[in-house]
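Me: I would like to go through some helix geometry and disulfide bonding in this model. Please reason briefly and finish each reply on what was asked for.

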Amino acid sequence: MSVESKKPREACCSKLKLFLVSLAFMYFAKAFGGAYMKSSITQIERRFDIPSSLIGVIDGSFEMGNLLVIAFVSYFGAKLHRPKLIGIGCLVMATGSFIVALPHFLQGPYKYETSMSHNTEANSTESILPCLSNHNLTEKDETPDIAAIQACEKAVGSSMWIYVFLGNMLRGIGETPSMPLGVSYLDDFSRQENTPFYLACIYTTGMLGPMVGFMLGSYLAKTYVDIGFVDLDSITITYKDSRWVGAWWLGFIVNGTVILLSSIPFFFLPKSLPKQGEEEEDGKKSTDLASGPEQQSFLPDETQDGEDKEKTVTFKEMVKDFVPSLKRLFRNSIYTMIILTNLVAVNGFVGMITFKPKFMEQIYGQAASRANFLIGIMNLPAVALGFITGGFILKRFKLGVVGAARVSISASLGAFCMLSLQGFFHCDNAEVAGLTVAYQGYPQVSYHHSTLLSPCNMGCSCSMKHWDPVCAYNGMTYASPCLAGCQISTGTGKAMVFHNCTCIDTSTSPAANMSAVLGQCPRRTECDDKFKIYMALSVLGAFISACGGTPGYIVLLRSIQPDLKSLALGMQTLIVRTLGGIPPPIYFGALIDRTCLKWGTKQCGGRGACRLYDSNAFRLTFLGLITGLYILANMLWGVLYVKIVKRQKKLVLRDQAKKNGVEANRLSNGHASISIVKYKEDENMESTI
């Protein structure tokens, strides 16, 4: 008997571990896709020539997909086969990833914005006249015919970003079952003391996904979008240029394949498992009857026949019980406060992570590929280490809800301090003649496109719409060779050099070099030192913030009624992603657009993606928004902590009353109803504290 009694337990442990490994790999795959989308934001913005506000809408489409189905999946999914639902969700996610990559194969080759002075043959050695040859560009500044614009847009497929929007929304729909059903399934069938450790393992493994996503994003950002289809020697821009577009589509194909593989194990897992550590003589009976706490309040106590049980619980009955369950859930004041706190914090986090690569690019002069690389190699390992540390602290010191709340609020305050310090280490605006600084030797009135014209280039009749930057010997960037007043050029492709540029100041040294090379000038040396300090503060802040991740999640799990666990997690995901995931990229992007100094021009005319921002205004807008949201989140954490402490004191007093026999006396005197009403919320909502 002893040997037989061990068999079910071994099977239980192996299946639970299989589910744990499968869920961790799935979290890795979905986090990989989410991070890669964030790392590709800049490339997608440039490829489709759209502003940051529209990029925010595309990025928020993932949460929109979640919004459509999360409430139904989290509630009705708890009554169904949870592992299979997660597997189906993975298939939907993979399909969405493939759809996101589809526009690349439907569009023509990418044509970046450039001035006519560059339109020379790759093998030509003839010199051209950038300034004098641009007389016909003045007509480019005039408003073109609307019909011609529409015909052009139809030809180049300028609305192909809709595929990215729809594919990302499908990814959001497929991701829906993973969190509420996966975490509740794991928590139902594992020991209570093991749950924090299992969650830490899942989130730590999941954090490898963003690392891989950002690293792949960094590599593909250096790979030209049409690699294999165009002659790379004819490309006059490098990956450091604001017009460069990397092979963004390739990463979504890789991610779709990985997610497809992650779906396989879930179709071979059972609907339910015995509770970890419990020995059952009949393994089959254990598997059939040991349904999770979520199901106990909805499924009647039937006999062994699983089919009869499923037929008894009709869809109509589940719908009828949905609204009362929501009322019970939101009567829990602590649960409501947790959602509000998370909502504010997630607003700040989503806005920050969406535009962090752009921030590093504009403020510190980093290339998009390098920004993605540093986030993947430095910030994300710090976050993973923080998750492990938070889970270890809970397990090592055996902290309850109050202890977990203390760890979370301390981490939130520490991360806020690191964020506040980041604002003091920044670089000045890039020196671009006519935009951020005056032409040397000429006054500048204000930030306006008309200041691109100066007496030194007035005779060239240059277009002010083009962004084709060149760098002069003195570190000054000019918006185009024509606006720099360059008379002749030598070389081809990336090696092209412009000479006799009349706008390059020679007052200090008449014999100075009056030539310029393609591309924007790099930032000064002191900017690199400030960037290193910024990255150190950013990494430290990421670690401290992540230390509060697992404790914060335990506060949520232990503050809700067991039979409402899936619904509570689903509603939390629904609310936080709806109001914390969709709006931030949109309003962050819209406000960031207001700091743009030079807009690009679409192939068919009209405003394209921003090429240059006012870095001071960008920094104040970006960090100001995040700082304000984090201040509010910390204030809410303080209120939440006070509520948790008060609830804990009530529970302690109740336990003491039971020990002293006070409650027994009340029952004997017929006043049991008064006592139950007084502590009803405590018993139902936080019985596990």
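Me: By about how many degrees does α4 bend, and at which residue?
Reply: This is a predicted model. In helix α4, the proline P103 follows within four residues of the bend. The bend is about 30°, and the residue is V100.

Me: What span should helix α4 have, and how far apart are its end C-alpha atoms?
Reply: Helix α4 covers residues 82-106, which is 25 residues. At 1.5 Å a residue, the expected span is therefore 36 Å. This agrees with the separation of the end C-alpha atoms, 37 Å.

Me: Are α14 and α21 roughly parallel or roughly antiparallel to each other?
Reply: Helix α14 (residues 333-364) packs with helix α21 (residues 615-659) at about 160°, and their axes are 9 Å apart. Angles over 145 degrees count as roughly antiparallel. The relation of α14 to α21 is therefore roughly antiparallel.

Me: Is the crossing of α14 and α21 left-handed or right-handed, and which residue classes make up the contact?
Reply: The crossing of these two helices, α14 and α21, is left-handed. By class, the contact of α14 with α21 has five charged, seven polar and 24 nonpolar residues.

Me: Which parts of the chain does the disulfide of C427 and C527 link?
Reply: Six disulfides are found in the whole structure. In the one formed by C427 and C527, the sulfur atoms are 1.9 Å apart, and the link is right-handed, with 100° about the S-S bond. The two cysteines are 100 residues apart, in distant parts of the chain: C427 in the loop between α16 and β1, C527 in helix α17.

Definitions and conventions:
Residues are numbered from 1 along each chain as its sequence is written. This is a predicted model: local features need pLDDT of at least 70, side-chain atom pairs count only at pLDDT 80 or more; totals for chains, interfaces and linings use all residues. Side-chain values use heavy atoms; hydrogens and water are left out. Axes are lines fitted to C-alpha atoms, for helices over the stretch in contact, and angles run from 0 to 180 degrees between N-to-C directions. Angles under 35 degrees count as roughly parallel, over 145 as roughly antiparallel, 65 to 115 as roughly perpendicular and the rest as oblique. A crossing is left-handed if the near helix is turned anticlockwise from the far one by less than a right angle, and right-handed if clockwise. Ala, Val, Leu, Ile, Met, Phe, Trp, Tyr, Cys and Pro count as nonpolar, Asp, Glu, Lys and Arg as charged, and the others, Gly among them, as polar. The expected span of a helix is 1.5 Å times one less than its number of residues. The bend at a residue is the angle between axes fitted to the seven residues ending there and the seven starting there. A disulfide is a pair of cysteine sulfur atoms within 2.5 Å.
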